[in-house]
Amino acid sequence: MHPFRKAVESRDLEAVAALLADDVVFTSPVTFKPYPGKAITAAILRGVLRVFEDFTYVREIANPDGRDHALVFTATVAGKQLQGCDFLHFDDDGKIDEFTVMVRPLSAAQALGEAMGAQFEQIAREAAEQ
């Protein structure tokens, strides 16, 4: 099990943040513009863990050199069940420098977008405090 998966599943938010590179770029499934930087990415991930219910990783896929991982998950948001995947790329130091999330179906992605939109004021505050 990858350390990121272990940190998320145990809800160890400090360990999650420690695995992010300072220059990580987070690409959301529900917004057009990527979010660059460790502080905003860590804050977004904390927000996601607040809105996801029944979050479970169901599969972990890695390329042989360990630089790319895909973590398939299921969750519920506002009563909508979703399937998703976290695509992680690791830099030379083993830190996540690219983090892309995709989810389906559309109705669940829309529910996620609404739930995260409601979180974004708090996310922005948390990122500014870092």
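**Legends to the views of the predicted model**

**View 1. Overall dimensions of the predicted protein model.** A compact globule of 130 residues would have a radius of gyration near 14 Å, and the protein agrees with this expectation because its own value is 14 Å. The C-alpha trace spans about 40 × 35 × 25 Å along the principal axes.

**View 2. Secondary structure and chain order.** The protein comprises 4 helices and 6 strands. Their order along the sequence is α-α-β-β-α-β-β-β-β-α. Among contacts in the protein with a separation of 6 or more, 46% join residues that lie 24 or more positions apart.

**View 3. The largest nonpolar core.** In the protein, 46% of the 130 residues are buried. The largest nonpolar core contains 40 residues. Within this core, the members that touch the most other members are Phe4, Ile44, Phe52, Phe73, Leu82, Ile96 and Phe99. In soluble globular proteins, nonpolar side chains tend to be buried together.

**View 4. Surroundings of Phe99.** Phe99 belongs to the largest nonpolar core and is one of the residues there that touch the most other members. When neighbours within four places in sequence are left aside, the contacts of Phe99 include Phe4, which is likewise listed among those core residues. Phe99 is also in contact with Val24, Val25, Phe26 and Thr27, with Leu45, and with Asp86, Phe87 and Leu88.

**View 5. Surface and charge distribution.** The exposed area of the protein is about 7,100 Å², of which carbon and sulfur atoms supply 52%. The protein carries 13 positive and 20 negative charges, and the mean positions of these two sets are 5 Å apart.

Key. Residues numbered from 1 in each chain as written. Predicted model: local features only at pLDDT ≥ 70, side-chain atom pairs only at ≥ 80, totals over all residues. Heavy atoms only, no water. Helix = DSSP H or I, 4+ residues; strand = E, 2+ residues; numbered from the N terminus. Rg over C-alpha atoms; globule rule 2.2 N^0.38 Å. Buried < 20%, exposed > 50% of the residue type's maximum accessible area, 1.4 Å probe, protein only. Contact = heavy atoms within 4.5 Å. Areas by Shrake-Rupley, 256 points an atom, 1.4 Å probe, with all protein chains shown as cover. Lys, Arg positive; Asp, Glu negative; His and termini not counted. Charge placed at Lys NZ, Arg CZ, Asp CG, Glu CD. Core = buried A, V, L, I, M, F, W, Y, C linked by side-chain atoms within 4.5 Å.
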